[in-house]
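User: I would like to learn how to read a model like this one, step by step. Could you walk me through it?
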Amino acid sequence: MTQKNIICIVCPVGCHITVRGEGRTVHSIEGNQCSRGVEYARNEFIQPMRILTTTVRVEGGDTPLLPVRSDRPVPLEKLMACMDVIKEVTVSTPVHRYQVIVPDILGTGANIVATGEAS
Ligand code: SF4
């Protein structure tokens, strides 16, 4: 049996939740003050996801770096591999806000999009 202690970030209360289970099977969830914490804790136990935020290099622009983020959460376990892909990316200007920089990064279904502009 695996036990994972999680702080729920769904609301500012920040409940300390304990999840016990095995692999993708959850046996118990304790410490949540409301039902929204159940889903959050279950997902954190089975497959934690995160929004990825970073920067990419800009070629020939008025700024050397452009802020980017994933347009949906990616599996936490793939975060570093996604960063390795993004590290190799250089964009050419102009770049518009929400322009897709890397589509479907590593098959996660998430696009890496610009959150700023470069010209
Ligand atoms: S379990 Fe409910 S009350 Fe507690 S932090 Fe999560 S959303 Fe807020």
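**Reading the fold**

Analyst: Gladly! From the N terminus on, the elements of the chain run β-β-β-α-β-β-β-β-α-β-β-β, which comes to two helices and ten strands. Keep in mind that this is a predicted model.

User: Into which domains is the chain divided, and how far apart do their centres lie?

Analyst: A domain assignment splits the chain into segments, and the centres can then be compared. Here the assignment gives domain 1 (2–46) and domain 2 (53–114). Their C-alpha centres lie 30 Å apart.

User: What do the radius of gyration and the box say about the chain?

Analyst: Start with the radius of gyration and set it against the value for a globule. A compact globule of 119 residues would be near 14 Å, but the chain has 18 Å. Along the principal axes, the C-alpha atoms fill a box of roughly 55 × 30 × 20 Å. As for burial, 18% of the 119 residues count as buried.

User: Where is the largest nonpolar core, and which residues have the most contacts inside it?

Analyst: Look for buried nonpolar residues joined to one another. The largest such core has 13 residues, and Leu66 and Val68 have the most contacts inside it. Strand E5 (53–59), strand E6 (65–70) and strand E10 (112–114) each supply at least two of its residues. A second, separate core has six residues, among them Ile6, Ile17, Val19 and Ala41.

User: Which residues does Val68 touch, beyond those up to four places away in sequence?

Analyst: Val68 touches Thr54, Thr55, Val56, Ile101, Ile112, Val113, Ala114 and Thr115.

User: Is Ile86 buried or partly exposed?

Analyst: Count the surrounding C-beta atoms and compare with the cut-off: a residue is buried if 20 or more others lie within 10 Å. Ile86 is partly exposed because it has 19 other C-beta atoms within 10 Å. This residue is found in helix H2 (residues 79–87). Leaving aside neighbours within four places in sequence, Ile86 is in contact with Thr54, Val56, Val102 and Ile112. Ile86 and Val56 are 30 residues apart in sequence, yet 6.6 Å apart in space, C-alpha to C-alpha.

User: Which residues are around the ligand, and how do they divide by class?

Analyst: List the shell, then sort it by class. Around the ligand are Cys8, Val10, Cys11, Val13, Gly14, Cys15, Asn32, Gln33, Cys34, Arg36 and Gly37. By class, the shell has six nonpolar, four polar and one charged residues.

Terms used
Residues are numbered from 1 along each chain as its sequence is written. This is a predicted model: local features need pLDDT of at least 70, side-chain atom pairs count only at pLDDT 80 or more; totals for chains, interfaces and linings use all residues. Domain bounds come from an automatic or database domain assignment. A residue is near a molecule or strand if its C-beta atom, placed from the backbone, lies within 6 Å of it. Ala, Val, Leu, Ile, Met, Phe, Trp, Tyr, Cys and Pro count as nonpolar, Asp, Glu, Lys and Arg as charged, and the others, Gly among them, as polar. A nonpolar core is a set of buried Ala, Val, Leu, Ile, Met, Phe, Trp, Tyr and Cys residues joined through C-beta atoms within 7 Å. A residue is buried if 20 or more other C-beta atoms lie within 10 Å of its own, exposed if 12 or fewer, and partly exposed in between; C-beta atoms are placed from the backbone. Helices (H or I, at least four residues) and strands (E, at least two) are DSSP runs, numbered from the N terminus. Two residues are in contact if their C-beta atoms, placed from the backbone, lie within 7 Å. The radius of gyration is taken over C-alpha atoms; the globule rule is 2.2 Å times the number of residues to the power 0.38.
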